[in-house]
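This report describes how selected elements of the structure shown below are arranged. Which parts pack against one another, and how are the strands ordered?

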Amino acid sequence: MTNKVIVGSRKSKLAMAQTELVIASFEKIFPDIKFEIKNVITEGDRNRHDSLAKIGGKGVFVKEIEDELKDGTIDFAVHSLKDVMPILPEELVLGAFPKRVSPYDCLVSRKNLSSLNDLPKGARIGTNSLRRQGQLLSIRPDLKIIPIRGNIDTRLRKIDTEALDGIILAEAGLNIDLSSYHVLDLQNYIMPAVGQGCLAIECRKNDTRIRKMLDQINDEESAYCVQIEREFMSELGGSCNFPIGGHAYAKNGQILFDGLIASPNGEHVIKETKIPANNSGVGKKVADQLLAKDKFGIIEGE
C-alpha cells in the first residue's frame, strides 16, 4: 500500500485553504500518510470574463478535476459542493462531506448598512448569480445588478473600480481581512444556493481504500442535509443557469427543508419552506410542488 495520497484542488486562494483544512483533518487520523496537493486549472479559472451560464454552468469548476480522477492522476478532490453538478460521471462518487459552515450570503459594502432598505435608490450591486439577483430584485426592484466574476479579492476591488454600492458573497468564503468594509448578513433576505457552505470530497467509486479514509471525516448531518438539496436541484435540472435556492437544516431535533425558484427579474418568487425532511424523497417532492406552482415559466424559460 502506498503511503502517498494525491489530492486535486483548484489553485485559487480559497480552494487551497479549503483543501489544506481537509488535509489537516486527515493528517490527524493518518499520520503515516503523506498528502500532496496537485493544482488543476479548470475552464472556470481560465475564463474569468464570460458568465458561468455562457461557458457551461458551475460544472466548469470541476470537469478537469474529475478528468484527473478518472484517469488516476489524483486520488481524491476537494470541491465547494455548490460547484458540483447534480449528476456525477458514472465512475465517480462524493465520498465525504465535512461539517458544513455557514450556508448564507452577505452584502459587503463600503457603506454602514443595517438592512437592505438602507441602500440608496438605484444602488449598484455586484453579483453573477441569478439566484441572488432574483431574490434581491423581488425585495428592491430599483436595484441595478452588475454582473461580476473573479476571486474574492478581485470582486472586492470592483466595489471601487466599478462604483458599486456592494457585492454579494458567500459567508463561507470570507477568510480575508474585511476590516475596511461593512458586512450585512442576508440570511433573512436570500435563500442559499444548494450545497453552499459545504465541501465535497470526490473520489473513484471503486477505490475502496480512499472511500474508507473519507468515511473518517464525513459529517452525517451535513451529508444528509446536502443530499436533500442535491435531490431537489437534480429534479429541477438545476445549475447556475437556474435561479433556484435550497436549504436543508436541523432544528429542534428535526430536519427541515426550504426550496425556492425565482424569475431573474424578481417579479416572481415561489417558495416552499419549513418542510419536514426526516424521511426520504423530500427534495423531489418540494421540487415537484414548486414546478406545479410555476405558472410563469421560470424554469422552462431558462
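## Packing of helix 9

The buried residues of helix 9 pack against three elements of this predicted model: helix 8 (220-236), strand 12 (254-262) and strand 13 (269-276). The buried residues in question are V282, G283, V286, A287 and L290. They lie on the same side of helix 9, because the arc they cover around the axis is only 135°.

Helix 9 itself comprises 12 residues (residues 282-293). At 1.5 Å a residue, a span of 16 Å is expected, and the end C-alpha atoms are 17 Å apart, which agrees.

## The open sheet

An open sheet is formed by 5 strands, arranged in the order 2-1-3-10-4, with mixed pairing. The edges are occupied by strand 2 (34-39) and strand 4 (92-96); each has a single partner strand, so one side of each lacks a neighbour in the sheet. On average, neighbouring strands of this sheet are turned by 35° against each other, direction ignored.

## Strands 3 and 10

Strand 3 (residues 76-80) and strand 10 (residues 199-204) run antiparallel and are joined by 5 bridges. One of the residues involved is A77, whose bridge partner in strand 10 is E202.

## A helix on the sheet

Helix 7 (residues 208-215) packs on the sheet. Its contacts are with strand 1 (4-9), strand 2, strand 3, strand 4 and strand 10. The direction of helix 7 makes about 160° with that of strand 10.

How values were computed:
Residues are numbered from 1 along each chain as its sequence is written. This is a predicted model: local features need pLDDT of at least 70, side-chain atom pairs count only at pLDDT 80 or more; totals for chains, interfaces and linings use all residues. Side-chain values use heavy atoms; hydrogens and water are left out. Two strands pair if DSSP finds at least two bridges between them. Helices (H or I, at least four residues) and strands (E, at least two) are DSSP runs, numbered from the N terminus. Axes are lines fitted to C-alpha atoms, for helices over the stretch in contact, and angles run from 0 to 180 degrees between N-to-C directions. Contact means heavy atoms within 4.5 Å. The expected span of a helix is 1.5 Å times one less than its number of residues. Buried means under 20% relative accessible area, exposed over 50%, partly exposed in between (1.4 Å probe, protein chains only). The arc is that of the directions from the helix axis to the C-beta atoms.
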